[in-house]
Amino acid sequence: MKRDLFKNCHPIVNFAFYFAVLGCSMFIMHPFILAISLISAIAYAVTLTSAKQVLLFNFKFTLPGLLVVLAINPIFTHYGVTPLVTLSNGNSITLEAIVYGLVLGSVLVVATNWFTSLNLILTHDKFIDIIGRILPKIGLLLSLSFRFVPLFIQQFKKTIVTQASISQGIHEGKLLTRLKNAFQITGFMFGWTMQKALNISDAMQLRAYGTHKRKLYRPNVFDRRNKILLTIIGVLTGVVIASQFNRGLYASYNPIIKVSGLTIAGNIWTILGTISFGILANLPLLLHVLDQLEWHRAQQKISQSAQNRNSFLEVLNHD
Amino acid sequence: MPAKIKDYVSNLYGNKKFETDDLKFEHQEEIYLPVFTWKMRYLGEFCAILALLGLVIWSALNLPIREVLAVSLAIVVVVVAFFLIWLEKKNTSSRQLTVIAALIALGVAGRAAFFMFPQFKPVGAIVIISGAILGPEVGFIVGSMTMLISNIFFAQGPWTPWQMIAFGLIGFIVGLLTHAKILKPTRLSLCWFGFVSIIIIYGGIMNPASVLMYTSEINWRLILAAYISGAPMDLVHAIATIFFLWFLSKPIIKKLSRIQYLIS
């Protein structure tokens, strides 16, 4: 993964951002919001991975889902006032159902593309931090299980090799024997895991588990920059929600298409909500660009000072 | 001092005749059977979950579809948070905590090991066995946390909350049934339960959830269509659960009952 400033932010900021953006995209369903969300989700996913990867992923997984959603909605739902084709059983395929299907399909595409970047940003340490902040014992539980998974896989590989050496391997012989050996190894592994769990609990007991109030080790500091970012996210989300309440971002497709700003008159809140959602959705990208600019500026400064030093040395040598 | 040793000492120092037969301790492997204790708390939790399910159905009948989605997501969060807070507030020993963590890790590693076969996963089997022996609440936590953590390892998506609640409920209900002594934790009955629960609970949550997320209206025909289109995958999943339960339930239940004795 490439260097990214948003990944280095505090977990609370990351979670708040994804909560706000995914919530707005899933529940407001206004075309402006969806278009902005789609563009910024793809742009951010491209900056984190590569254009080729994002395109390939969308063609492989998102496009089939989109086609299914587009097909299912007009076939199964028959509300609306503008029938396009009347079927033999009296139902009709309506414009409204097709439009709503298109909107729902774009919600699917938007969510999938946000989840592409979410999977890279929200790593397991952030989950432990955010859950352990509220429920310390659950944070401990999560970190214990995160540790157990690689331990288990290591021991599993060792056990497979050991069993193979006494000709009870899982890679040779008849299928039934191999299967039997595999389940035998799984049984051993279950015992081993439970033994390991009891060992760890004894170690915890010796280190005075449960005698004090439990706190979680937190490497992340919630400093001023994170406070500013969280405030920005909160204010922008507040504006979007306010414009939704003032019917600035009103969108309804059943039974008549009513979209404020397109088919019915919008108000000042339409513009305000759209702009603030645009800033909100592009916040990580903005941080990324600012970070890169700062990086280039610093590099230029270094090379400039090196040049100055060289010319100074040249002058000295000349004299 | 045990009576046997007392006799032995008195035999040794007294004038009585020395009897060697008393000293023979027959070595026996101790067999721990799983212990099921019913608590009224389980019934309360079950009734609360039923009431929340009723709320979802009521909202599906009366509200527009996006609000139904919001209501059901909120309910998923509430139910998961309830069980996590229960574990947080409960005075657990460190053994209970590490054993739960190990069971979660087993589920995650099992899901990772079979990543090449879609839906052919041992997660259901591990959740069902741990819920059956260690109780409904532990079953819920193992199920939901397994799905959360394995999705952190693979990929998060809109499906994460639904998977969490589905496996959590499977673990909860099997624990409820075994602790109410309705279901005996034998191999055959667990296999039956595994098949039925994957089809009814897992399929019954995941298929309507996809209807909720991707269609513009909710009606019986849509849910039926989703169920039929998802049926092959559900069937593979259910058969996989039976397969793993058939081979794993005996050794794991034997070990887990010993663990239950150790951690209680």
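What share of the 319 residues in chain A is buried? In this predicted model, buried residues make up 34% of chain A. The report below describes chain A, then chain B, and then the contact between them.

## Overall form of the two chains

The table sets out like items for the two chains.

| Item | Chain A | Chain B |
|---|---|---|
| Buried residues | 34% of 319 residues in chain A | 44% of 264 residues in chain B |
| Radius of gyration | 28 Å for chain A | 24 Å for chain B |
| Globule value | 20 Å for 319 residues of chain A | near 18 Å for 264 residues of chain B |
| Extent along principal axes | roughly 90 × 75 × 50 Å for chain A | about 95 × 35 × 35 Å for chain B |

The secondary structure of chain A consists of ten helices and four strands. Their order along the sequence is α-α-α-β-β-α-α-α-α-α-β-β-α-α. Chain A is more spread out than a compact globule, because its radius of gyration of 28 Å is well over the 20 Å that the globule rule gives for 319 residues.

An assignment of domains divides chain A into domain 1, with residues 6-122 + 223-284, and domain 2, with residues 134-206. Domain 1 of chain A is thus written as two stretches of sequence. The centres of domain 1 and domain 2 of chain A, taken over C-alpha atoms, are separated by 43 Å.

Contacts in chain A also link distant parts of the sequence. Among those between residues at least 6 apart in sequence, 70% join residues at least 24 apart.

## Helix 9 of chain A and its surroundings

Helix 9 of chain A covers residues 268-281 and has 14 residues. From its first C-alpha to its last, helix 9 of chain A reaches 20 Å, close to the 20 Å expected at 1.5 Å a residue. Which residues in helix 9 of chain A are buried? They are A:Trp269, A:Thr270, A:Gly273, A:Thr274, A:Phe277, A:Leu280 and A:Ala281. These residues lie on the same side of helix 9 of chain A, because they cover an arc of only 130° around the axis. They pack against helix 1 (11-27), helix 2, helix 8 (224-245) and helix 10 (283-318) of chain A.

One residue of helix 2 illustrates these surroundings. A:Ile33 lies in helix 2 of chain A, which spans residues 31-48. A:Ile33 counts as buried because 25 other C-beta atoms lie within 10 Å, and the cut-off for a buried residue is 20 or more. Leaving aside neighbours within four places in sequence, A:Ile33 is in contact with A:Cys24, A:Ser25, A:Ile28, A:Leu249 and A:Phe277. Among these partners, A:Phe277 is one of the buried residues of helix 9 of chain A. A:Leu280, another buried residue of helix 9 of chain A, is 247 residues from A:Ile33 in sequence, and the two are 11 Å apart in space, C-alpha to C-alpha.

## Helix 7 of chain A

Helix 7 of chain A runs over residues 175-206 and has 32 residues. Its reach from first C-alpha to last is 46 Å, close to the 46 Å expected at 1.5 Å a residue. The buried residues of helix 7 of chain A include A:Asn181, A:Phe190, A:Met194 and A:Ile200. What do the buried residues of helix 7 of chain A pack against? They pack against helix 6 (136-165) of chain A, together with helix 4 and helix 9 of chain B. Just after helix 7 of chain A, A:Ala208 takes a positive phi of about 65°.

## Chain B

Chain B has nine helices and zero strands. Among its contacts between residues at least 6 apart in sequence, 71% join residues at least 24 apart.

Two loop residues of chain B have a positive phi although they are not glycine. B:Gln119, with phi near 70°, is placed in the loop between helix 4 and helix 5 (123-134) of chain B. B:Gln119 is partly exposed, with 17 other C-beta atoms within 10 Å. B:Lys181 has a phi near 60° and is found in the loop between helix 7 (160-179) and helix 8 (187-214) of chain B. B:Lys181 counts as exposed, because it has 9 C-beta neighbours inside 10 Å.

## Contact between the chains

In the interface, 39 residues of chain B are in contact with 49 residues of chain A. The elements that give two or more residues to the side of chain B touching chain A are helix 3 (65-89), helix 4 (94-113), helix 6 (136-153) and helix 9 (220-263) of chain B. Helix 4 of chain B gives the most to this side, with 13 residues. By class, this side of chain B has 27 nonpolar, six polar and six charged residues.

How values were computed: Residues numbered from 1 in each chain as written. Chains lettered and ligands numbered in written order. Predicted model: local features only at pLDDT ≥ 70, side-chain atom pairs only at ≥ 80, totals over all residues. Contact = placed C-beta atoms within 7 Å. Nonpolar A, V, L, I, M, F, W, Y, C, P; charged D, E, K, R; others polar. Rg over C-alpha atoms; globule rule 2.2 N^0.38 Å. Buried ≥ 20, exposed ≤ 12 C-beta atoms within 10 Å, placed from the backbone. Domains from an automatic or database assignment. Expected span 1.5 Å × (residues − 1). Arc of directions from axis to C-beta.
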